[in-house]
Amino acid sequence: MAQGVFDVAVVGAGVVGCAIARRFAIDGARVLILERAHDVLDGASKGNSAILHTGFDAPEGSLELDCIRAGYAEYREIHARMNLPLDPCGALVLAWTEEQQAALPGLMAQAAANGVGDVEMLDHATLPALESQLAPEVRAGFRVPGEALIDPWSAAHAYLYQAIQHGAELRLRAELLTAERQAESWRLHASAGSFEAGLVVNAAGLWGDHVERILTGESWFQIRPRKGQFILYDKPAAALAGHILLPVPTKVTKGVVVCRTIFGNLLVGPTAEEQEEREDASVVPATLEALRQTGETILPALAGQEVTAFYAGLRPASEDKAYRIRADLERGLVTVGGIRSTGLSAALGIAQHVARLVGRAPGVARDWPEMPVLAQDGARDWQAPGNGGIVCHCELVTRREIAAAMEGPAPAQSLAGLKRRTRVTMGRCQGFYCSAELARLTEGRFTQPMLAGAVDDAG
Amino acid sequence: MMQADVAIIGAGPAGLAAAAHLGLMGVKNIVVLEREAEPGGIPRHCGHSPFGMREFRRVLGGASYARRLAARAEGAGARILCNTTVTALHPGPKLELTGPDGAERLSARVVLLATGTRESSRVQRMIGGQKPGGILTTGALQGIVHLNHQRPFRRPVILGTELVSFSALLTCRQAGIRPVAMIEPGARVVARAGAAVLPLLLGVPVLRETRITGILGRDRVEGVVIDGPGGPREIAADGVLLTGAFRSEATLMAAAGMVLDPRTTGPEIDVFGRLAESGYFAAGNLLRPVETAGMCWASGRRVADAIAVHLTGGLPCPAQGLPLRIDAPAIRYALPQILFPAGPGFHKTIQLRVSRPVSGELRLSQGGDLIARQPIRALPERRVTLPIPRKLGEGPLSLDIEEDA
């Protein structure tokens, strides 16, 4: 017996799945979101560089470019209504070798062709005025004013919350096991029960090809996870860079970026490492050391700065560079696969594209979630009266913020989920001070508890 | 804006000792700013004895020691504001604070930084692998066990063999946690011999010359990869307990652009406990991770004496300071970092630690002349002190070790 009948079932609650669910829910569809993990954003969306890209370097004429441009525009249009931050700091694309310098005019022409016409060329003499800490070896570059910093998790949570406000249902720990296409609808058997839906959207990210096989018996693309390791420096380092500092990209990767985060840290990464494993986002000390050195060749003053965290994200790349988006309306299936490194920027645009493929008339949102402000220079809760006091001293997270993250449309279900919603333990002490209190505050609240048990437990 | 004569950041042993001592010396408006809900600092959640021999002439547990320190400070007239986090330091000195009622500012004649220390995180130790739950420091473990009566894991590995590592082992024991192994990257156990027999008694193997090279598990720790004399191998564990490798909690200073000593990770101080920034002083474990609570308490009293003199304008001009240069690679740190021609201030000794076992002669010279010397035979993580000569001349100071062949 199916637990519910839906117009659309979105498989995967990453940033792309959440954005698609939001679009369909606003457009009036009854939406179901199935997520296999304990909490949302637990796959590819948990680790990225948190940049809202303009698409200036995306492949010309590609669907990816269209989605980035549309996603970028929609984010700028809606972010303030949901309290989502946007730091329009701009990016500098920097050339460190003669060869890279020779590539700059071509990249600027590509930017113009991609609709990003406001780029400006900078030479060795003008760069220090924009970025005083850049290593003197920098030869030239150009500025892309539209590149911006955002909060990757609040954005995705906002999309999800708005979907839920418009009637979407979220099922966690709901791994899709089998599916049958009936005359007009799908019958989906997940670990959390069975459901019926007219249309299925496969937004399963790192498991996209796997889910495609469950749905259709085969997959027309293969996910080739590409790991990106990052180093996050402590807040004093953020003063060293104003812009997002990008290298001249290669065919494979945008390369190692140095930029602030919206939370006031400085980030260096990612690497681009092909791997088979879809769950294992291990960090490797030697690679991190190399990243640190890369960072120091760009900003020499990074030497000696404290590192707060390191992490690795897995990009759901496929064997082809292009997005693997396809609609089979006969079968009631839209596949959104291979959204490699630009998913955060493109998510809202991908959602628009999918809605168009399906032929739904755009609706108008009735409700807008108001997201907590987590950006370093935003009006944070710790500055406001009645916040209950600070629990996480490094990131200045209050008791009231933690309580709020355990309520609401999609309460945190794990420490990882609480971190993404509030930033607890994400700072320099990594939980030395606040773990005990967090364990107390979250006891009995998570489906994936913080601790193994109480002292007086048996065993 | 709030006003204070002396604002002390941190209600641990150093901050509370300074508050009590200043109060007894007649300083009136003393405020201690503490971000935790209760004063006392780290000893609050240390389950083990002994605390308090030096301060109260009796043996106390951590929690009651912390309560007595706070009571003594309040008895001397200091106000302790808990749940109050300092968010920024400014010249003046002026502080930005926040508490349950939101943000506020405070102006003080003197600010004493006594923010203490914390253990290095997994990140600072550069331990690779996955990022599951169940990786804790001793501080977090002791809070969870002693304050919450919860148990974070059952079969963890312990990294480190410092004194605190054995404190962690005892905490595990009390909570019914059975560590799989203690892992020490160095050739020998770091803590003194007495503590080192503990794992033997508790049946926990100590693996020397072994590093944790990776952590396994997606959601929760499933094991670690270690590399030691027998080559790399995996051991099953449901947690990783990172102990020691203390570093100064000096973030406020770093954010304010204050000079930090990369060797101690704390602020640079002179023999009076002063920082380069006018009106700022520092004491306790912030200066040099890590010493016992009793040492921090003594450090707090010492700096209180200096602050009392400063408030009457009696300290020498900072411009006369003589930086102490460290010329022996084996010296990990030495402090105070700045001496004065008049000789000792309230810091009577140069305190140092070595980074490897050393034996030979410790030498302080000025402008090429040897002005103090003493034999040294030291292991890492053991405190070494050299009395500051009663009179110094002008000219650069250098600290060196002439090692035995």
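Colleague: How many residue pairs are in polar contact across the interface of chain B and chain A?

Modeller: Welcome! This is a predicted model, and across that interface the rule finds 17 residue pairs in polar contact, both residues of each pair being at pLDDT 80 or more. On the side of chain B that touches chain A, helix α4 (residues 138–147) of chain B gives the largest share, with 5 residues. That side divides into 15 nonpolar, 20 polar and 14 charged residues.

Colleague: What makes A:Glu279 and B:Arg218 a salt bridge?

Modeller: Their side chains meet at 2.3 Å, N to O. The cut-off is 4 Å between a side-chain nitrogen of Lys or Arg and a carboxyl oxygen of Asp or Glu, so a pair of Arg and Glu at that distance earns the name. The count between chain B and chain A is 3 salt bridges.

Colleague: How do you know how much area is buried between chain B and chain A?

Modeller: The size of an interface is often given as the accessible area lost when the parts come together. Here the area buried between the two chains is about 4200 Å², and carbon and sulfur atoms give 53% of that. B:Met126, B:Arg151 and B:Arg218 supply 16% of what chain B buries against chain A, more than any other three residues. In terms of contact, 49 residues of chain B meet 53 residues of chain A.

Colleague: Why can one say that A:Arg22 and A:Glu74 tie together parts that are apart in sequence?

Modeller: The side chains of A:Arg22 and A:Glu74 meet in a salt bridge at 2.9 Å, N to O. A:Arg22 belongs to helix α1 (residues 15–26) of chain A and A:Glu74 to helix α2 (residues 63–78) of chain A, so the pair links parts that are 52 residues apart in sequence. Over all chains, a search of the whole structure finds 42 salt bridges.

Colleague: And what lines the second largest cavity?

Modeller: Rolling a probe the size of a water molecule over the atoms shows where empty space is left. The structure holds 2 cavities of 30 Å³ or more, and about 30 Å³ of space lies in the second largest. Both chains take part in its lining, which consists of A:Ile231, A:Leu288, A:Glu289, A:Arg292, A:Val307, A:Phe310 and B:Met126. α7 of chain A gives the most to this lining, with 3 residues.

Colleague: What makes that lining 5 nonpolar and 2 charged?

Modeller: Ile, Leu, Val, Phe and Met count as nonpolar, while Glu and Arg count as charged. The lining of the second largest cavity therefore divides into 5 nonpolar, no polar and 2 charged residues.

Definitions and conventions
Residues are numbered from 1 along each chain as its sequence is written. Chains are lettered from A and ligands numbered from 1 in the order in which they are written. This is a predicted model: local features need pLDDT of at least 70, side-chain atom pairs count only at pLDDT 80 or more; totals for chains, interfaces and linings use all residues. Side-chain values use heavy atoms; hydrogens and water are left out. Contact means heavy atoms within 4.5 Å. Buried area is the accessible area (1.4 Å probe) that two parts lose on being put together, summed over both. A polar contact is a pair of N or O atoms within 3.5 Å; within protein, one must be able to donate a hydrogen and the other to accept it, and residues adjacent in sequence count only if both atoms are side-chain atoms. Helices (H or I, at least four residues) and strands (E, at least two) are DSSP runs, numbered from the N terminus. On a 1 Å grid over the protein atoms alone, a cavity is a set of points where a 1.4 Å probe fits but cannot get out, and a pocket is an open set with protein on both sides within 12 Å along at least five of seven lines; lining residues have an atom within 4 Å of a point. Grid points are joined across faces, edges and corners, and a volume is the space filled by probe spheres set on the points.
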